[in-house]
Amino acid sequence: MKKCFTLILASIIVVPLLTAQAPNYRSIASEITAHASTKMQKVRAIYNWICENIEYDTSFQIYHADECYKHRKGVCQAYSELMCSLCQAVGVPCTLVSGVGRYQYGGGPHAWVYADVEKGRILIDPTWGAGYVNGSTFTFRQDHSLWFDVDPYWMIFTHYPDNAEHQFIDQPISRETFNRLPRLEPSCKNFGWKAQTIFNKFLRNEITAFPSFYGEDQAMFLDADIPAQRYLYVGVEYTFKLKVKDPQKIAIVTDEEWYTHERWQREGEYSILRLTPTTPGPLSIFYQQDDGSYGTVLGYEVLPIVHRPSRSVE
C-alpha cells in the first residue's frame, strides 16, 4: 500500500497498550463492545473507539493493524486493518477496500472498509472519521459521525475502489467518470440534498458545479429544497425552501439586497423565498450566529442569462 495523504477524540473505554505479544483482538473488541448487542452497535462502538484513540501517522511508517494498535497511530491501511480485526473478533464481517481517495487538495491511494450488519453492508472510513492532517499535524475531529454508514452515492464522490463491485451503486462508474465528479462529502445531506439524486444530476450534466460550502460539519438545515447548482441566472425565478431551528436567523444576501426572515413566506415548518435575481454577482445564504453576527452557509454566483458556463468540476 502506498502512502495515503488523507483527511483523517480520547475514549472512556480504557484498553491497555501492547507489550511484546500480538494483540488479543477478541479480548480488546469484547471490552470495547461490552454494552453493544447488535452488529450495528458493535461496529459503531469499534469505529468510535478507533476515531477517538488512533491518530494519523504523518511519518508514514505504520501500515498494519498490530503496530497501529500498539502505537495508537497509523496510515489509512492500518486504520482499516484494525477496524477489520476488531469487528471480525466479535463476529461482524468486515472487509478492507483499497482504491483512490479524493482529498481536499488532490488525491491518491486510500483504504476504507465495509461491514455486514443487520440492515446490510455499510461503508465506513475510520481514517477520515478520526480527523485530518494539515502538513505534518494531525487534528482529531470533534464529531466523527460523518464517515460512518456513508450512503454509497456520497461515498463515490470521494472514494473510488479498485474493485468496481465495492462501489455499491446501481450502475458502477469508470475511473474516468469518477475523475470528472466534484469533491462532495456526506455533509451535503445537511443541506437537504439526496445523494443519488445529486449523483444522477451530475452524470446527466444537469449540475455543472456545486455551491460553495461554509460550515460543512454543522447541520445547518433540518430540511431543505434549494438549488444545487452554483450558477444561477438573471431573470430566472428560484425557490429556496428551508426548515431551520430558528426561522428568524436565516437571510439571503445579494449585492443589492438583504432578504431577512420578514420577507420569507411561512408554510408550516418551512420558510420559503421565491427570488428572481436582477443583476449578476454573488448570492449567499446566511445564518445568524449566537453572537448576533451572520455567517455564510452557501454561496452561489448569479450570471447573465446569455452566459452558460462549460462543465466545471471545482
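The following paragraphs go through a predicted model, from the whole chain to a helix contact, a loop residue and two strand arrangements.

The protein chain has 314 residues, of which 50% count as buried. Its accessible surface comes to about 15100 Å², and carbon and sulfur atoms account for 47% of that area. The secondary structure of the chain consists of eight helices and 19 strands.

Among the helices, α1 (residues 25-32) packs against α4 (residues 76-89). Their axes are 8 Å apart and enclose an angle of about 80°. Angles of 65 to 115 degrees count as roughly perpendicular, so α1 is roughly perpendicular to α4. On the α1 side the contact is made by Tyr25, Arg26, Ile28, Ala29 and Ile32. These residues meet Leu82, Ser85, Leu86 and Ala89 of α4. By class, the residues of this contact are seven nonpolar, one polar and one charged.

The loop between α1 and α2 (39-53) contains Thr33. The relative accessible area of Thr33 is 6%; buried means under 20%, and therefore Thr33 is buried. Leaving aside residues up to four places away in sequence, Thr33 touches Lys42, Ala45, Ile46 and Val90. A further distance relates Thr33 to Val43, which is ten residues away along the chain: their C-alpha atoms are separated by 8.3 Å.

The next topic is the strands. Strands of a sheet pair through backbone hydrogen bonds, in either a parallel or an antiparallel sense. One open sheet in this model has four strands in the order β11-β13-β17-β16, and the pairing is antiparallel. Its edge strands are β11 (223-225) and β16 (265-267), each of which pairs on one side only. On average, and with direction ignored, neighbouring strands of the sheet are turned by 20° against each other. At the β16 edge, three bridges join β16 to the antiparallel strand β17 (residues 270-275). Across this pairing, Arg266 stands opposite Ser271 in β17.

Another antiparallel pair is formed by β6 (residues 131-134) and β7 (residues 137-140), which are linked by four bridges. Here Gly131 stands opposite Phe140 in β7. The two strands form a hairpin with two residues between them, and in this hairpin Gly135 takes a positive phi near 70°.

Notes: Residues are numbered from 1 along each chain as its sequence is written. This is a predicted model: local features need pLDDT of at least 70, side-chain atom pairs count only at pLDDT 80 or more; totals for chains, interfaces and linings use all residues. Side-chain values use heavy atoms; hydrogens and water are left out. Axes are lines fitted to C-alpha atoms, for helices over the stretch in contact, and angles run from 0 to 180 degrees between N-to-C directions. Angles under 35 degrees count as roughly parallel, over 145 as roughly antiparallel, 65 to 115 as roughly perpendicular and the rest as oblique. Contact means heavy atoms within 4.5 Å. Ala, Val, Leu, Ile, Met, Phe, Trp, Tyr, Cys and Pro count as nonpolar, Asp, Glu, Lys and Arg as charged, and the others, Gly among them, as polar. Buried means under 20% relative accessible area, exposed over 50%, partly exposed in between (1.4 Å probe, protein chains only). Accessible areas come from the Shrake-Rupley method with a 1.4 Å probe; for residues, only the protein chains shown count as cover. Two strands pair if DSSP finds at least two bridges between them.
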